[in-house]
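The following exercises are intended for a reader who meets this structure for the first time. Please study the sequence and the model before turning to the solutions.

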Amino acid sequence: MSQYDVVIIGGGVVGASVARELSRYKLNIALLEKEAELAFGVSKSNSGIIHSGTQNPLGSLKAKLCIQGNALMRRISGELGVDFKEVGSLIVAFTEEERLELLKIKQESEALGVPGLKMVDRVWLKAREPNLSGEACAALYAPTTGIISPYRLVYDLCENAARNGVEFHLSSKVEKISALPVSGPKSGPRFEISTPQGIFKARYIVNAAGLYADEISKMAGVGGFEIIPRKGEEFLFDKKREHLVNHVLYPLPTENSKGILIIKTSDGNPMIGPTAHDVTDKEDLSTSDEGLQEVLESARKMIPTISEGDIIAYFSGLRPVTGHDFIIRHEDALPGFLNVAGIQSPGLTSAPAIALMVRDILKSNGLLLKKKIFFHKHQREENHLFAIPLDKTKRLVKKDASYGDIVCRCEMVSAKEVTDAIERGATTLDGIKFRTRAQAGRCHGGFCTTRVMKILAEKTGRRLTEITKRGKGSEIVKEERAN
Ligand SMILES: Cc1cc2nc3c(=O)[nH]c(=O)nc-3n(C[C@H](O)[C@H](O)[C@H](O)COP(=O)(O)OP(=O)(O)OC[C@H]3O[C@@H](n4cnc5c(N)ncnc54)[C@H](O)[C@@H]3O)c2cc1C
């Protein structure tokens, strides 16, 4: 049985950010994740936008954390070498009434502290967004909006936290939490956490379990909120449409979402979506024809040339909704237990600020925070051929020929990148896809899946029948036969 100062439940962007922030201090920390790999929850299926903070309710926690998170993200991504691109965004108006609404959003956002906002007119838009509908009459430009790879961010945060001493336990679903009697030393454990991999004792628990945070909270004996999944369907375009838009384009926000967007992604494929409909099943990641039609209709209002034929992938994600705001608090009725729940959008953006808030709550509830003398803040460099110029690729191939062995032709991913991903922790096909983009192109892995499986089997000493898409139960090959 292992004993920790802090156990974090959930290996999404929130748990990962908290883990990295706490790894600056002399603490024993473990992160427990139920899936076979990190970032397999909500953090794998979102729009990857680092929002500027323009569409959040005044006075809300998420409004404050979104703006702080946006500022922190550029520093963290620089330290970790995650590709953060500050592309800017436009909220587009089509009528005089909508233009007046934008002025209101501008005023409210400035009051919140969103920097650099500017109203732009038809002439500005025509010069910078040539594919935008001629019906667009004005837009609110936010220069600080950025784009990032959400899963690569989680992997880099966790790799860095591990380098600074945090333990990561995968396939470790928390099944039971028991409060221990409060006798013994002041620094002794207060909780026993049961998982299939064993029992973990902790003085503090940070519940960052995404869609399941309500169930974890109830398991510990604290109720008080329910999570309603709000589905967002998204549709990804072929890279040949990379220059469809130059900014992230938003319509005016709706009652329950930022509306259907045209998104530049950090990997180059534009994306349209997401829808926003409440569902009952926390595992329902299906996409629908109605979702596609809704997204196409709305997106074409902004970019009329959008063609269904350019779509290469559909996916959906579920926002963990608990009402209108995030819940981030110490549960005084259960000392040592923190809920970080209802982290719907803009949770990706806010994650670094959430981590600071969690650190401060832990401190004000008795956790002693002593800084380590040495904190490794930088991540080692990672090369992605799709993101570097040809002369750099040539230099890499000269140094290591396996950079010239292209495994995924759609996305230009080499054997070296696949083996690097495995050495850095990928154990499944999806883990390799999220880290490298191999299998994420137009052919959906039709060409490269078998090769990726072979490399994974060779590197990990597993049989092909043991290779899975995303963990136990998703095996691809039933039996191996000798030739
Ligand atoms: C369609 C869509 C688009 C979005 N777009 C954006 C955007 O552009 N910008 C933005 O800022 N935000 C966006 N968001 C919101 C953002 O994705 C989330 O706020 C964020 O990913 C939440 O991270 P998390 O770590 O709280 O949750 P998760 O990533 O779900 O992490 C929780 C983890 O806990 C694990 N877990 C659950 N139960 C247990 C258990 N019993 N034991 C152990 N582990 C457990 C899960 O497996 C999961 O890995 C979007 C969301 C959606 C759905």
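The exercises below concern a predicted model, and each is followed by a worked solution.

**Exercise 1.** State which domains the assignment gives, and determine between which of them the ligand lies.

*Solution.* Step one is to list the domains. The assignment gives domain 1 (1-84 + 146-225 + 322-381), domain 2 (85-145 + 228-321) and domain 3 (389-466). Step two is to ask which of them contribute to the shell around the ligand. Domain 1 and domain 2 both give residues to this shell, so the ligand lies between them.

**Exercise 2.** Describe the interface between domain 1 and domain 2 by its contacts and its buried area.

*Solution.* Begin with the separation: the C-alpha centres of domain 1 and domain 2 are 28 Å apart. Next, consider the contacts, in which 39 residues of domain 1 meet 40 residues of domain 2. The area buried between domain 1 and domain 2 amounts to about 3,200 Å², and carbon and sulfur atoms give 57% of it. Finally, turn to the domain 1 side, where Q55, I147 and L211 lose the most area to domain 2; together they account for 21% of what that side buries.

**Exercise 3.** Characterise the shell of residues around the ligand, from its composition to its polar contacts.

*Solution.* First, identify the nearest residues. The ligand is surrounded by 40 residues, of which E33, S43, I49, I343 and T349 come nearest. Second, sort the shell by class: 16 residues are nonpolar, 18 are polar and six are charged. Third, locate the elements involved. At least two shell residues each are supplied by α1 (13-22), β12 (228-237), β17 (311-321) and α8 (347-364). Fourth, examine the polar contacts, for which the N or O atoms must lie within 3.5 Å. In the side chain of E33, an N or O atom is 2.6 Å from an oxygen atom of the ligand. Polar backbone atoms also take part: one of Q344 is 3.2 Å from a ligand oxygen atom, and one of G347 is 3.4 Å from a ligand oxygen atom. The protein covers 98% of the 1,000 Å² of accessible area that the ligand has on its own.

**Exercise 4.** Where in the chain are the cis peptide bonds before P274 and P346 placed, and what is the phi of A39?

*Solution.* Recall the general rule first: most residues other than glycine have a negative phi, and most peptide bonds are trans. The bond from G273 to P274 is cis, with omega near -5 degrees; P274 is in the loop between β15 (271-273) and β16 (277-278). The bond joining S345 and P346 is also cis, with omega about 10 degrees, and P346 belongs to the loop between β19 (337-341) and α8. A39 has a positive phi, near 60 degrees, and is found in the loop between β2 (29-32) and β3 (49-50).

How values were computed
Residues are numbered from 1 along each chain as its sequence is written. This is a predicted model: local features need pLDDT of at least 70, side-chain atom pairs count only at pLDDT 80 or more; totals for chains, interfaces and linings use all residues. Side-chain values use heavy atoms; hydrogens and water are left out. A residue is near a molecule or strand if one of its heavy atoms lies within 4 Å of it. A polar contact is a pair of N or O atoms within 3.5 Å; within protein, one must be able to donate a hydrogen and the other to accept it, and residues adjacent in sequence count only if both atoms are side-chain atoms. Accessible areas come from the Shrake-Rupley method with a 1.4 Å probe; for residues, only the protein chains shown count as cover. Helices (H or I, at least four residues) and strands (E, at least two) are DSSP runs, numbered from the N terminus. Ala, Val, Leu, Ile, Met, Phe, Trp, Tyr, Cys and Pro count as nonpolar, Asp, Glu, Lys and Arg as charged, and the others, Gly among them, as polar. Domain bounds come from an automatic or database domain assignment. Contact means heavy atoms within 4.5 Å. Buried area is the accessible area (1.4 Å probe) that two parts lose on being put together, summed over both.
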